[in-house]
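Dear colleague,

Please find below the structure that I am handing over to you. The findings follow directly after it, and I would be grateful if you read them alongside the coordinates.

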Amino acid sequence: MRITITAFERSPDGGKGLARDTRVRWALEEVGQPYDVHLVSMRAMKEPAHLRLNPFGQIPTYEEGELVLFETGAIVFHIAQHHEGLLPDDADARARAITWMFAALSSVEPVILDLFTARILERDKPWHEARLKLVEDRVRNRFEQLSERLGDADWFDGAFSAGDLMMVSVLLRARASGILDEFRNLAAYVARGEQRPAYQRAFAAQYAINAAPPPAG
Ligand SMILES: N[C@@H](CCC(=O)N[C@@H](CS)C(=O)NCC(=O)O)C(=O)O
């Protein structure tokens, strides 16, 4: 069954890998599944046809025959469960890899999203500096814990897994703040993820869309 995902027609970051369709593309590349991409404008994302795929009017979505999924965690998990390459066979190792997926999305991503809000969206607020400091401290605290756990390992639990795919994708979003680079092993971990051929293919495919001239109209 052919897979179709949705992505931004024009990504706010210019196609530099931060939009979440990158995670889904990366997972599909890792497991060697071909896919089609349906591009949606910011307006189309809020219209009924897209809201039927994602009630929040967001990308990415995933269609495979009758199956429609949204939320990158659920999509990557589905891909990893149905194809070899992203989850270990051993039941305990598999459960731990899934734990890292959840950790990325529920214990790490929220503080990084808060950091983006504090750095960019709240710049004009009188309390901006005080709040930014608090948020940065929270991010550093999480990164210290992650850095401690990773140590000098390549990946969080043995071989590369969907847990690492999600963690690298989430951490990437903190790079612009400079905080990621304060943690040498985490920065190297993210770079290792980006060097994977599957990531490179996913990145290039997304970048090509955004480098092309905007669609007419
Ligand atoms: N929790 C969702 C978040 C999806 C999300 O925030 N998508 C962004 C693009 S990366 C989006 O569609 N933003 C446009 C909007 O919310 O209007 C997931 O992991 O899939």
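Which residues line the largest cavity? Before the answer, please note that this is a predicted model. The lining consists of Gly 17, Leu 18, Ala 19, Thr 22, Arg 23, Trp 26, Ser 169, Leu 172, Arg 173 and Tyr 199. Two elements give two or more residues each to this lining, namely helix H1 (21-31) and helix H6 (162-172). The largest share, three residues, is supplied by H1. By character, the lining residues divide into five nonpolar, three polar and two charged. The space in this largest cavity is about 50 Å³, and the count of cavities of 30 Å³ or more comes to one.

Helix H6 deserves a separate paragraph. Eleven of its eleven residues are buried, so the helix is largely enclosed by the rest of the structure. Among these buried residues are Ser 169 and Leu 172, both of which also belong to the lining of the largest cavity. The partners against which the buried residues of H6 pack are H1, H3, helix H4 (91-121), H5, helix H7 (184-195) and helix H8 (197-211). At the N-terminal end of H6, Ser 161 acts as the cap, with a side-chain oxygen 2.9 Å from the backbone nitrogen of Gly 163.

Two individual residues, taken from two of those packing partners, may also be of interest.

Thr 72 is part of helix H3, which covers residues 72-82. Thr 72 has a relative accessible area of 5%, and because buried means under 20%, Thr 72 counts as buried. Residues up to four places away in sequence aside, Thr 72 touches Arg 20, Arg 23, Val 24, Pro 60, Leu 105 and Met 166. Of these contacts, Met 166 is one of the buried residues of H6, and Arg 23 is one of the residues that line the largest cavity.

Arg 149 lies in helix H5, which spans residues 128-150. Is Arg 149 buried or exposed? Its relative accessibility is 58%, and because exposed means over 50%, Arg 149 counts as exposed. When neighbours within four places in sequence are left aside, Arg 149 is in contact with Trp 100 and Phe 156.

I would suggest opening the model at the cavity lining and then turning to the helix discussed above.

With kind regards

Terms used
Residues are numbered from 1 along each chain as its sequence is written. This is a predicted model: local features need pLDDT of at least 70, side-chain atom pairs count only at pLDDT 80 or more; totals for chains, interfaces and linings use all residues. Side-chain values use heavy atoms; hydrogens and water are left out. Helices (H or I, at least four residues) and strands (E, at least two) are DSSP runs, numbered from the N terminus. Buried means under 20% relative accessible area, exposed over 50%, partly exposed in between (1.4 Å probe, protein chains only). Contact means heavy atoms within 4.5 Å. On a 1 Å grid over the protein atoms alone, a cavity is a set of points where a 1.4 Å probe fits but cannot get out, and a pocket is an open set with protein on both sides within 12 Å along at least five of seven lines; lining residues have an atom within 4 Å of a point. Grid points are joined across faces, edges and corners, and a volume is the space filled by probe spheres set on the points. Ala, Val, Leu, Ile, Met, Phe, Trp, Tyr, Cys and Pro count as nonpolar, Asp, Glu, Lys and Arg as charged, and the others, Gly among them, as polar. A polar contact is a pair of N or O atoms within 3.5 Å; within protein, one must be able to donate a hydrogen and the other to accept it, and residues adjacent in sequence count only if both atoms are side-chain atoms.
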